[in-house]
Amino acid sequence: MADLSTSIAGVKLPNLFFNASGVCCQHEEELKTLLDSESGSLITKSATYEKRLGNPSPRYVPLPGLGSINSMGLPNEGYEYYLEYAKKYDYTHEKPLFISLSGLCLEDNVKMVEAFVTADLPCILEVNFSCPNVPGKPQLGYDLEAMENALNVLAPLIKKPFGIKLPPYFDIAHFDAAAAIFNKFDNLSFVTCINSVGNGLAIDFETETALIKPKDGFGGLGGTMVLHTALANVNAFYRRLPNKKVIGVGGVTSGKEAFLHVLAGASAVQIGTQLKEEGPQMFSRIKKELEDIMIAKGYKSLDDFRGKVKTL
Ligand code: SIN
C-alpha cells in the first residue's frame, strides 16, 4: 500500500491531487464533478470582485503532445458566488476546499479577503498573483516590490495560513529575491508553482494565423512543455522556503510527472491541461499510477521521497 495523503495549510488532504484553479471550477456543477471524483481536494476559479465574462474566443486551444495555450481572461462569477459556495460547503467532507482570489487591484483583493475573513470559514485561500491574461494588468508576481506590498496588506488581514499562486521565475536571482520576501510572512503557508508560462504565441502553420484570439494570440502555456520549468520552480522554492509548503502545477499527465513534482519538493499537485482534456475521471488513473510507482520503488508515503531529488 502507498499512502498518498498530505497536508497543506495545516489541513489534511486524503491524496495530493486536485485541479489547478481555472479548470472545472467556475460553476457549482463543475465543482460537483470534482467532489465526485477521486481528487484529494478542489479549488474554485480565481474570483475577481465583479463577475467577468473573460476574453473573446477562441481562448483555449490544446497543442497535441505539447500542452495548451490559453488566454481566458479570468471569466468567473464574481467573488460573492464563491463565498456563497464556501458558506454552503460541507466541511465534514474529507476534501478541504480551496478558494482562489485574483483581484484586479490590491483594493479588490482586500475587499474580497475581508468578506471571507468576516465569514470565518474553514476554506483555504490561494491568492493568485500570476494571471498573464488580463489586458493591461501585468502579473503581480513579476513586480517584487508590489508583491511585497500586497503581502504586507493581505497577510495580517487573512491571519490564518494561506497561499499564493506564482508565475514561473527563470533566474536564480529572482528565486532568491522572491523567497526572501515570502519568508517574511509567517502565515504565508504555501506557494503554488507555477501558473502558465505567460505570453507564448502558437501559430497555425497552414493558415499562418495565431491559434487564439485575445491579445493578438499571446497566451499562457501549460501542460507537457512547461514540466521542467515547473519542476525547477517547485524545487527552487522548496529549497528556499523551509517553513512553507509548495504545491506543484505544470506538465502532469501521469503518475510519473506527479512523482517528479514530489521528488522536487511538492506537497500537493494540481493539474490543469490534462484535467481539461481528460475530465475528472483522470484522478483515479493518476492516483493509481503514482501508487504503482511508489510501490515499485519501495516508498510507503510521500514523505519518503519528497524533496529528495539527487544532484550530480
Ligand atoms: C485566466 O483566466 O486567464 C487564467 C487564470 C490564470 O492564469 O491565473
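In this predicted model, Ile-194 lies in the loop that connects strand E10 (188-193) with strand E11 (197-201). The peptide bond leading from Cys-193 into Ile-194 is cis, and its omega is near 15°. A cis peptide bond is also found between Ser-57 and Pro-58, where omega is about 0°. Pro-58 belongs to the loop between strand E4 (42-43) and strand E5 (60-63). Most peptide bonds are trans, and most residues other than glycine have a negative phi. Glu-208 has a positive phi, near 60°, although this residue is not glycine. Glu-208 is placed in the loop between strand E12 (203-204) and strand E13 (209-210).

The surroundings of the ligand were examined next. The residues around the ligand include Asn-195, and the loop between strands E10 and E11 holds Ile-194. The other residues around the ligand are Lys-45, Asn-70, Met-72, Gly-73, Leu-74, Pro-75, Asn-128, Cys-131, Pro-132 and Asn-133. Oxygen atoms of the ligand take part in several polar contacts, described in turn below. For Gly-73, a backbone N or O atom is placed 2.8 Å from an oxygen atom of the ligand. For Asn-128, the contact comes from the side chain, with an N or O atom 2.8 Å from an oxygen atom of the ligand. Asn-133 likewise places a polar side-chain atom 2.8 Å from a ligand oxygen atom. On its own, the ligand has 260 Å² of accessible area, and the protein covers 93% of this area.

The packing of two helices was also described. Packed helices are characterised by the distance between their axes and by the angle between those axes. Helix H6 (residues 227-240) and helix H7 (residues 255-264) have axes that come within 8 Å and cross at roughly 25°. Angles under 35 degrees count as roughly parallel, and H6 and H7 are therefore roughly parallel to each other. On the H6 side, the contact is made by Leu-227, Ala-230, Leu-231, Val-234, Asn-235 and Tyr-238. H7 contributes Glu-257, Leu-260, His-261 and Ala-264. By residue class, the contact of H6 with H7 comprises seven nonpolar residues, two polar residues and one charged residue.

Definitions and conventions:
Residues numbered from 1 in each chain as written. Predicted model: local features only at pLDDT ≥ 70, side-chain atom pairs only at ≥ 80, totals over all residues. Heavy atoms only, no water. Axes fitted to C-alpha atoms, helices over the stretch in contact; angles between N-to-C directions. Helix = DSSP H or I, 4+ residues; strand = E, 2+ residues; numbered from the N terminus. Parallel < 35°, antiparallel > 145°, perpendicular 65-115°, else oblique. Contact = heavy atoms within 4.5 Å. Nonpolar A, V, L, I, M, F, W, Y, C, P; charged D, E, K, R; others polar. Near = heavy atom within 4 Å. Polar contact = N/O pair within 3.5 Å; in protein donor to acceptor, adjacent residues only side chain to side chain. Areas by Shrake-Rupley, 256 points an atom, 1.4 Å probe, with all protein chains shown as cover.
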